[in-house]
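User: I would like a close look at the metal site of this model. Please explain which residues hold the metals, where they sit along the chain, and what surrounds them.

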Amino acid sequence: HQLHQRSAGIIGAPFSKGQPRDGVDRGPDLIRAAGLLDKLQGQGCAVKDYGNLQFEEVVDDEPVGRVKRVRAVGSANQRLSEAVQAVKRDGHTTVMLGGDHSLAIGSIHGHSMAVGELSVVWVDAHADINTPLSSPTGNLHGQPMSYLLHELQSKVPVLPNFSWIKPCVRAKDLVYIGLRDVDPEEHYILKLLGVKVFSMSEVDQLGVSRVMEETCDYLSDKVKKPIHLSYDIDAVDPSVTPATGTPVPGGLTYREAVFITEHLSQTGLLSAVDLVEVNPLRARTEQDLRSTVSTAVDLLLGCFGRLRQGNHSAGYRLPEP
Ligand SMILES: N[C@@H](CSCCS(N)(=O)=O)C(=O)O
Ligand SMILES: [Mn+2]
Ligand SMILES: [Mn+2]
């Protein structure tokens, strides 16, 4: 399979304040250490590493209502949004390495500032669409989509360090794949807004190939928009990727998880990718960690054209005797 020239701009976002567990901020360096950049280059992808963002320390970050660590999350995502805009301006497909999923706020916002209207494919065991007032935990990694969707803005109160966020996604341009742990409040929102959902039941019923065909048909129904893929490693079954904060049984197989990235890569519309919620402190064994991180790398390689049938570069010719 001949590879098109693609280019990836890597942004490390070592951030964990969207949730209570230490360790998820180590995700970016673990994924790099597993060889992401060399492997991307090895499959003919140009790569630029923009390094890890430095997030400002926020003191006295008292809860606002039930919402925890608000100021830190707001500040981090403003910085991430600016970084994503800059990488998009340099012409790359952005690869945001998390860090927890509250980082999707800055990643999707920055992507939208750079390219305008976009589609979002959210691959996750969870919907991450609680509002600040519906959230059962107050953790912001369970709420990112509520700050981004136009249709939810009347349900989102003013929060400190969040005033820079402009809603930038329409409910009709969002598709979920892999859901299997959705709060009642979130389920109400998904039904109210008519969001397209392929839960694990639909993955079982239709098969991942049909899910991807329907996802791409649905998203390109009117206009083909750039795709933002926000991939939570906990979408994959915990037997494959156990080193994560909120594991849920009954997830995607390794093959289904990779197929999703291969299919989206073939559309040529993939414009930004998040890979979040890898947490080494949630690994019980070294093998747990190795399996989680190598799967994360393989998902990203799939986003940039790697196929399991193999690849070769356009210019390759067999050596002459
Ligand atoms: N629905 C729960 C859990 S959300 C899990 C967040 S993630 N990013 O998918 O791990 C909540 O709102 O806190
Ligand atoms: Mn999740
Ligand atoms: Mn998530």
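Analyst:
**The paired manganese site**

The manganese ion (ligand 2) and the manganese ion (ligand 3) lie 3.3 Å apart, and Asp124 coordinates both of them. This is a predicted model, in which local features need pLDDT of at least 70 and side-chain atom pairs pLDDT 80 or more, while totals for chains, interfaces and linings use all residues. Residues are numbered from 1 along each chain as its sequence is written, chains are lettered from A and ligands numbered from 1 in the order written, and side-chain values use heavy atoms, leaving out hydrogens and water.

Consider first the manganese ion (ligand 2). Its coordination is provided by Asp124 (OD), His126 (ND1), Asp232 (OD), Asp234 (OD) and Asp234 (OD), at 2.1 to 2.5 Å. (Donors are N, O and S atoms within 2.8 Å of the metal, or 3.2 Å for Na, K and Ca; water is not among the atoms, so sites may look incomplete.) Along the sequence, the donor residues of ligand 2 follow the spacing D-x1-H-x105-D-x1-D. The site has 6 donor atoms with angles of 58 to 170 degrees among them, and it is irregular. (Four donors are tetrahedral if all angles lie between 85 and 135 degrees; four are square planar and six octahedral if opposite donors are over 155 degrees apart and all others between 65 and 115; anything else is irregular.)

Asp124 and Asp232 bring distant parts of the chain together at ligand 2: Asp124 is in the loop between strand S4 (119–123) and helix H5 (144–148), whereas Asp232 belongs to strand S7 (residues 227–232), 108 residues apart. (Helices, H or I of at least four residues, and strands, E of at least two, are DSSP runs numbered from the N terminus.) Asp124 counts as buried because its relative accessible area is 0%. Asp232 is likewise classed as buried because its relative accessibility is 2%. (Buried means under 20% relative accessible area, exposed over 50%, and partly exposed in between, with a 1.4 Å probe and protein chains only.)

The manganese ion (ligand 3) has as its protein donors His101 (ND1), Asp124 (OD), Asp128 (OD) and Asp232 (OD), which lie 2.1 to 2.2 Å from it. Asp232 therefore appears in this list as well as among the donors of ligand 2. The angles among the 6 donor atoms of ligand 3 run from 61 to 176 degrees, and this site too is irregular. The donor residues of ligand 3 are spaced H-x22-D-x3-D-x103-D in sequence. Here again distant parts of the chain are linked: His101 lies in the loop between strand S3 (93–97) and H4, and Asp128 in the loop between S4 and H5, 27 residues apart. His101 is buried, since its relative accessible area is 0%. Asp128, at 4% relative accessibility, is also counted as buried.

The loop between S4 and H5 also holds Thr131. Thr131 counts as buried because its relative accessibility is 6%. Apart from residues up to four places away in sequence, Thr131 touches Gln143, Ser146, Lys155 and Ile189. (Contact means heavy atoms within 4.5 Å.)

The loop that carries His101 leads to H4, so the packing of this helix completes the picture. The axes of helix H3 (residues 70–89) and helix H4 (residues 104–115) come within 7 Å of each other and cross at roughly 40 degrees. (Axes are lines fitted to C-alpha atoms, for helices over the stretch in contact, and angles run from 0 to 180 degrees between N-to-C directions.) On the H3 side the contact is made by Asn77, Leu80, Ser81, Val84, Gln85 and Lys88, and on the H4 side by residues including Ala104, Ile105, Gly106, His109 and Met113.

H3 also contains Ser75. Ser75 is buried, as its relative accessible area is 9%. Leaving aside neighbours within four places in sequence, Ser75 is in contact with Glu56 and Asn161. Ser75 and Leu219 are 144 residues apart in sequence, and their C-alpha atoms are 31 Å apart in space.

Ala33, in helix H1 (residues 27–33), offers a contrast with the buried donors. Ala33 is exposed because its relative accessible area is 68%. Although Ala33 and Val293 are 260 residues apart in sequence, their C-alpha atoms are 9.4 Å apart in space.

In summary, Asp124 bridges the manganese ion (ligand 3) and the manganese ion (ligand 2), and Asp124 itself is buried.
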